[in-house]
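Reader: Could you take one part of this model and look at it closely, then follow its connections outward? I am in my first year, so please explain the terms as you go.

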Amino acid sequence: MRYIPNSPEERAEMLHAVGLNSAEELFASIPADLLLREPLRTPAAISEMELLASSEAMAARNTAARRPSFLGAGAYSHYSPTIVDHLISRSEFFTAYTPYQPEISQGTLQAIFEFQTLVCQLTGMDVANASMYDGSTALAEAVLMAERITRRKKVITSSAVHPEYLEVVDTYVQHYGVDFHRVDTDAETGLISAEGLNSLDDQTAALVVQSPNFFGCIEDVRALAERAHAVGALLIVAVTESISFGLLRSPGACGADIVVAEGQSFGVPVSFGGPFVGLFATRDRFARQIPGRLVGEAVDKQGRRGFVLTLATREQHIRREKATSNICTNEGLIALAATIYLETMGRQGLQEVATQCAQKAAYCARRISELEGFSLPFSAPRFNEFVVRAPVGAKGLLSRLASEKEITGGLALSRYYTDRPNDFLVCVTETNSRQEIDALVEGLKELIA
Amino acid sequence: MANVPEDLHYSKDHEWIRVEGDIGTIGITDHAQHSLGDVVYVELPKTGETFAAHESFGSVESVKAVSEIFTPVGGSITEVNETLQDEPEKVNNDPYGEAWMIRIRMSNPGEVDSLLNAAEYEDFTKAEETE
Amino acid sequence: MSQSTNITKAAPHITQNESLIFERSQTGRKGYRLPPLDVDETPLDEIVPAALRRDDDLAGMPEVSEVDVVRHFTRISTWNYSIDLGMYPLGSCTMKYNSRLNEKVARIPGFANLHPLAPEEDAQGALQLIYELQESLSEITGLAGISLQPAAGAHGEMTGVMIIRAFIDARDGAGASAKRRTMLIPDSAHGTNPASANLSGFTVKTIRSTAEGFTDLDHLRELCAHGDVAGLMLTNPNTLGLFEKNIKEICRIVHEAGGLVYMDGANMNALVGVARPGDMGVDVIHLNLHKTFSTPHGGGGPGCGPCCCTKELEPFLPVPRVVKDGEAFRLDFDRPQSIGRVKAFHGNFGMMVRALAYIQTHGNDGLREATEAAVLNARYVAHGLTSDYDKPFAADPMHEVVFTDKRQSRKGVHTLDIAKRLIDYGFHPMTIYFPLIVQGAMLIEPTESVGRQELDQFIAAMRSIAREAVEDPETVLGAPHTTRIGRLDEAAAARKPVLRWKPKEAASAA
C-alpha cells in the first residue's frame, strides 16, 4: 500500500520487536467473536489512473455543472482568483491541525485573526469567530445564543429566510423549548410583513431576518432593529449572498445584534453544497456567549506578537455540557480561502464585484419583465436575485430550458413553496456574461411562444 | 504554602467569608486561586439577587478551566466587586483583600457556625491533597 | 487596545516578520481585474436606494497587489507545522497523510462546479458518489442506515443523539419518554459528547472508569437501575486507546434498561476492516471522514461527520436521504419520522469525494492493512517509551497510547513542558491533558502514515527529553527554543481579549 511507509519486512521486524508474531495478534484485546472473519465488501483497490478515469466519468454525469447557470438560493457561482486555490493547497495550510500549539501554528492563527477582522469589517460588528459549518448552522447557533442572552423562549423569524436554514433551526431548537415562529412575507413588496412584526412582544428573544432575503429583496434592517430593540429582543440578520456586503449597508451599521452569513461566495466552489463556511459576528458585550473558536492577539516573554486560541472556556472541551456550542472542528481551510479571496479583491474589488452583480441582475430582470406573460411579483429593491412569475409552471419551463436551450434558468420555487407553482428565483453574478443573460431571455421567450 | 488568615470562616468549596454584623464579605481562598492558576475572568451576580447557602453565585475562569463559586451562607447581595471585571488578576494577587467578590446580607447568620475555622480549613486542604 | 505599537521583531529575517495584511495595505494597490461591465448600466439609485447602501467605502479593508497576497500567505504558511513536514502524533485526532490524488479528484469541475440545487437528473454523478460512499461506510460500520449530511464529528454526534431522542419519543410516547432524559457518558469522553447530549435535551450522568481503564460495569448497572436512561455515549477503543472488551455486555445492560448505545467513532482507525460497531451491539455512531478516511484537517476544518445507525433507527435520520431508485439516484424527502435537516443542502460533499477516493484506492484489503499498520505503530511507540515514561494502564493499546508525566513531574517538568520541548526536536506534540481522568496525560497516536525510522526518532526524542528532565530541567521548562516565537501569555490574552485588528487611531482611542 503506497500510503503506508513501512514495508512488509519492516512491519514483521516491528511486530517481533513488540513481542508479537503476526498482525492478528495486535487485535487480541478484541473478543474473538467480534473479529471480522471475511474481508469487507467494499470495492477492491484501484490505481490512480483508474480512479481518475472513474471519477471523471461520474463527474460527467453531473450535466448541470457544464451549463450556464442562474441558480443561487444559498450557493453562488463567483469568480475565484487563481491564487486562492493555489495558496490553500500549500501543505502548511491544508495538512495542518487545529492550532492548539501556537508556537508552530502561527500561520493558521494569523490567517484566522485576519479572517475575524474582515468579517467584522464586512458585517459592521465588533467581534467574529473563527467560522461555523455554514450559514444555516450559524443561524441555528445565533438563535440559541439569543435565548441564552435574553432568557426568553420565543423567536420570530421572517418566512423569507432560506427555507433550508429555517429547517435547520427547527432541528436545533426542537428540544430547547424555543418557540421558533414564522411570520408572513408581504405579497406586494416581498419583505417581512407589518402584521408579522406585531407579534414581537416582551417574551421575544430575537427577530430573525435574511437580507437580501430568500426572494432577493433587501429588508429595511434599520427599522427592524428598532422594532426588535423596542421590546428588548435581539435582531439576528442572516446573509446568504455575502458579496452583497460590498454594496449594501452593513447589518452592524443598521443595529443588528448578531450577524450570520454564508461565506461561500468568497472564492469557494459551489461543490454540490459543501464545504462552505459560516460567518458569525456579534457585539463586544456578547463576546463570551459566542459559539466556536476565537483567535486573539498575545505576546511572548520577549514581547513578540503572536496569536492564540482564546476565551476557550466557552467551548465544549472545557465547559462540556454547559458550553456555548458543541462545535469543535469548524471550516478552517474554507475560512482561509475566504480570507485570501477578500484580501485579493480588497476594498475596491469587493465593491466592484458587488456592483457588477447588481447591475447584471437589474439588466436581466428588466429584460425578463419585458417578455410577454412574465412578471416580477415583488417591488422591493434587490441585489442579485429576483423572483420571476412565469405564465406556466416554472418547474416544467426550467426543465425544458435545460434540455432544449442548455441553460439552468434558476430555481423553481415549488421546491419549497407549493403555493408558488409559476415562480422561479433567478440569480445573476459577475460570471454571467451578457450573452448568457440574453440567451436566457431569448430561451424563455421561445419556450412560451 | 497557602495563606489562611485566622479571622475568616471557610467553606469546603474553598470560599472565605468575613462577617461584620449581618453582612458577609465573600471571596475565594488562596488555596483555590493557586489550584486555578492565572485567573482571567470572574462572573458575578447583580446586587439584589438572593442565594441560598451553598448555591452557585458565579464562576471564576482560568485559561483552561472554569470553577463555579458557591456562597457559604444564604442571603441577598448588597454589593459586587465590579473592579474584578477589568482586573481579574487581583484574585491571584490579593484573594483575601482587593479580590473580595460579593457582600451579602445574611438571612440566617447562624449558618456561619457550620463553616470551618482557619485551622480546620488548613487540615481540610491537606487531606484533599493527599487523596 | 492593541499592542501593535510596542512590538519587537520576531526575528531579523523578513519572512519571519510578515505583518498583518492590514498593516501591509497601501491605498490604490489592486490584486484583481474584472472584465468591464457588459450590460447597459442602470443608475445605482434605481437599483438600490442610497439609504440601503454602504456609506463607509469599506474603509479598513486591505488594498494589496497579487504579489503581496502570495508573499503574505506563503511567508506565514512557513510558521505552521503540517503532516507533510512530519509526524503529528495527536491522540484521538488521527492525523494521517492526505493524498494529493484525492485533492485532485475533489477539484474535477463536474464536482466542484455542481450547484446543490441542480435538478436531480442533472446531478446523477454526485448522487451516485454519495450513495456509493454510504454503501461503503455502512459495510465498514456494520450499520444499515446512514446520512452524510453532518459537517463534522460533533455535528454527527448531535445528529446521533437526536435520533436516540426521536426513537424513544416514538417508542415510549411523549409522557414516558419525558422520564428518560439521562445520557450516560464515561469520565474519559470527549467534551463534545456532553455538549451534544445537552443540545438534545438530555441530562448527563458520568460513568466512572476502572483502575484498568475500562468502563466500570458495576457503576453502569447502578446508573441503569433507575429507568431513566435514554442512552450511553461510548468511544471504542476508548480515549485511553483501549478496546472496551466488555462492549457486548455494556450494550446488553443499556438495552435491557431501555436505552440505546451511541458510539463516538473518533477512534475508528483502530477498527476498520477488523471489527464492526454494528456487530458489537452499537445502535448509532458517527464517523470522522477527516480522521479515519484521510480528508485534510485544513488547520481546523472542514470535516464531515456521517451518522450511521441500525435499520430500526433509519426512519429518524436527517432529511433528505440519497436513495437508489432502479438505475437512478434521487433525494428522498418523504421521511415523516426524521429528526429534520441538520445542514443546508447535502453536507460537505467535497470531503465525501476525497473519502470515497481513499476507500477506492485502498481497497478492502488496503483498509485493513492501514488499520494493522496504525495499531502496530502505536504498539511500537508504547513499547519504546515504557522505560522512560509512566504508562498508567497495563492493557495493550490499540491505535493510540497514553503516558503521563508522573516521573518527570517530580523534577517540576510537566506534560506541557515535554510537549513544548518535543517541538524543538521537530515533532508536533501529542494530545496533552486529555483524557481528563489521567493526570498529566500524553495521548500519542502515530497513525499508519509514519515509517519506522521516524518512529525511532520520535521515541529517541521523547527519551532524550526524559533525560533532560532529570539533568537539565530548565531547558525543558523554557521550551520551545527553536521557534519563531516562544510560549505566549495566554492569561493576558484572555483577560483583555484583542480579537481583531483595528486602525491605529481607533485602537488607541479604544
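Author: The place to start is A:Val260, whose bridge partner in β7(A) is A:Phe280. Two strands count as paired if DSSP finds at least two bridges between them; strands (E, at least two residues) and helices (H or I, at least four) are DSSP runs numbered from the N terminus. The model is a predicted one, in which local features need pLDDT of at least 70 and side-chain atom pairs count only at pLDDT 80 or more, while totals for chains, interfaces and linings use all residues. Residues are numbered from 1 along each chain as its sequence is written, chains are lettered from A and ligands numbered from 1 in the order in which they are written.

A:Val260 belongs to β6(A), and β6(A) runs antiparallel to strand β7 (residues 278–282) of chain A, with five bridges between the two. Strand β6 covers residues 258–262, and five of its five residues are buried. Buried means that 20 or more other C-beta atoms lie within 10 Å of the residue's own; 12 or fewer makes it exposed, anything in between partly exposed, and C-beta atoms are placed from the backbone. In a regular strand the side chains alternate between the two faces of the sheet. Here A:Ile258, A:Val260 and A:Glu262 point one way and A:Val259 and A:Ala261 the other, and all are buried.

β6(A) also pairs with β5(A), this time in parallel, through four bridges. Within that pairing, A:Val260 in β6(A) stands opposite A:Ala238. One step further, β5 (residues 234–239) of chain A is joined in parallel to β4 (residues 204–210) of chain A by five bridges, and A:Val208 has A:Ile236 in β5(A) as its bridge partner. Helix α9 (residues 221–230) of chain A packs on the sheet and touches both β4 and β5, its direction making about 150 degrees with that of β5(A). Such angles run from 0 to 180 degrees between N-to-C directions, along lines fitted to C-alpha atoms, for helices over the stretch in contact; two residues are in contact if their C-beta atoms lie within 7 Å.

The whole sheet is open and has seven strands in the order β1-β7-β6-β5-β4-β2-β3 (chain A), with mixed pairing. Its edge strands, β1 (127–128) and β3 (179–183) of chain A, each pair on one side only.

A:Val260 matters for one more list. The largest nonpolar core has 350 residues, and A:Val260 is among those with the most contacts inside it, together with A:Val143, A:Ala206, A:Ile236, C:Ile163 and C:Met352. A nonpolar core is a set of buried Ala, Val, Leu, Ile, Met, Phe, Trp, Tyr and Cys residues joined through C-beta atoms within 7 Å. Helix α11 (residues 332–369) of chain A gives the most to this core, with 21 residues. On the chain C side, C:Met352 touches C:Leu129, C:Ile130, C:Leu133, C:Leu148, C:Cys304 and C:Gly347, leaving aside residues up to four places away in sequence.

The two chains also meet directly: 170 residues of chain C are in contact with 161 residues of chain A. Helix α12 (residues 349–385) of chain C gives the most to the chain C side, with 22 residues.

Chain C has a buried strand of its own. Five of the five residues of strand β2 (residues 182–186) of chain C are buried, so this strand is largely enclosed by the rest of the structure. Three bridges join it, in parallel, to β4 (residues 229–235) of chain C, where C:Leu232 is opposite C:Leu184. Five bridges join β2(C), again in parallel, to β3 (residues 203–207) of chain C, and there C:Leu184 has C:Lys205 as its bridge partner.

Helix α8 (residues 192–199) of chain C carries the chain from β2(C) to β3(C) in a right-handed β-α-β crossover; right-handed means that, with the strands pointing away from the viewer, the path from the first strand over the helix to the second runs clockwise. Eight of the eight residues of α8(C) are buried, so this helix too is largely enclosed by the rest of the structure. They pack against elements of chain C, including α7 (153–177), and also against α10 (316–319) of chain A.

To put the starting strand in its setting, chain A has 13 helices and twelve strands, and 61% of its 449 residues count as buried.
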